Amino acid sequence: MRYMLIVKATPESEAETTPAPEAELLAEMADYHEQLMKAGVLLDGSGLKPSSHGWRIRYDGDARSVIDGPFAETKELIAGYTLIQVKSREEAMEWARRFPNPAGRGKPAEIEVRPLYELDDFAPSPEIERMREIF
């Protein structure tokens, strides 16, 4: 089972007041991700640049339009993620509880944890088999 630990953006992360988190937070994140790696559950993880560096594609039927960032609603934005593969929801919860505070000790922050769809979650079909060949 794969789970994504989603780090929610904050006004500070969107402001990009510093190019990198403080050394203490970087050390905590490195320790945590090293533990994930040693346990064999880490698939990927990274921080995201602020939304001012990105864009959205809006679909209206078949038409598409590009909307450049920044985006106003910080609570809807993602600042980073960690992708893990574990045996159960309980194991994912255990790892999520150990995630260092992404904003730094004592500061308000939030992470969200969501399972990824697996191809086995879908009924067999030629399209699903095609996806298996791709991934």
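This briefing walks through two helices and a surface patch. Keep in mind that the model is predicted. Helix H2 has its buried residues along one face, helix H3 keeps its buried residues on the same side, and Trp55, Ile57, Tyr59 and Val66 make a nonpolar patch on the surface.

**Helix H2**

- H2 runs over residues 23-38, and its 16 residues should span 22 Å at 1.5 Å a residue; the end C-alpha atoms sit 22 Å apart, so expectation and model agree.
- Six names to look up here are Leu25, Glu28, Met29, Tyr32, His33 and Leu36, the buried residues of H2. Looking down the helix axis, you'll find these buried residues within an arc of 125°, so they line one face of H2.
- That fits the usual helix geometry: with 3.6 residues a turn in an α-helix, residues three or four places apart point the same way.
- Flip to the face turned away from the buried side of H2 and you get the exposed residues Ala23 and Lys38.
- As for what covers the buried residues of H2, the list includes strand E1 (2-8), strand E2 (42-47), strand E5 (78-85) and helix H3 (89-97).
- After H2 comes Gly40, which has a positive phi, near 75°.

**Helix H3**

- In H3, the buried residues are Ala92, Trp95 and Ala96. Around the axis they take up an arc of only 100°, so they end up on the same side of H3.
- Glu90 and Arg97 are exposed, and they're carried by the face of H3 turned away from its buried side.
- Cover for the buried residues of H3 includes E1, H2, E5 and strand E6 (111-115). Going the other way, H3 is among the elements covering the buried residues of H2.

**The nonpolar patch and strand E3**

- Trp55, Ile57, Tyr59 and Val66 together have about 480 Å² of accessible area in their nonpolar surface patch.
- Strand E3 (residues 55-60) supplies the largest share of that patch, with three residues.
- Trp55, one of the patch members, is located in strand E3. Its relative accessible area is 57%, and because the cut-off for exposed is over 50%, Trp55 counts as exposed.

**Ser65 on strand E4**

- You'll find Ser65 in strand E4 (residues 63-68).
- Ser65 has 35% relative accessibility, so it counts as partly exposed.
- Leaving out residues up to four places away in sequence, Ser65 touches Arg56, Ile57 and Arg58. One of these contacts, Ile57, also belongs to the nonpolar patch.

How values were computed: Residues numbered from 1 in each chain as written. Predicted model: local features only at pLDDT ≥ 70, side-chain atom pairs only at ≥ 80, totals over all residues. Heavy atoms only, no water. Helix = DSSP H or I, 4+ residues; strand = E, 2+ residues; numbered from the N terminus. Expected span 1.5 Å × (residues − 1). Buried < 20%, exposed > 50% of the residue type's maximum accessible area, 1.4 Å probe, protein only. Arc of directions from axis to C-beta. Contact = heavy atoms within 4.5 Å. Patch = residues over 30% accessible without salt bridge, like charges linked within 9 Å, V, L, I, M, F, W, Y side chains within 5 Å. Areas by Shrake-Rupley, 256 points an atom, 1.4 Å probe, with all protein chains shown as cover. Salt bridge = Lys/Arg side-chain N within 4 Å of Asp/Glu carboxyl O.
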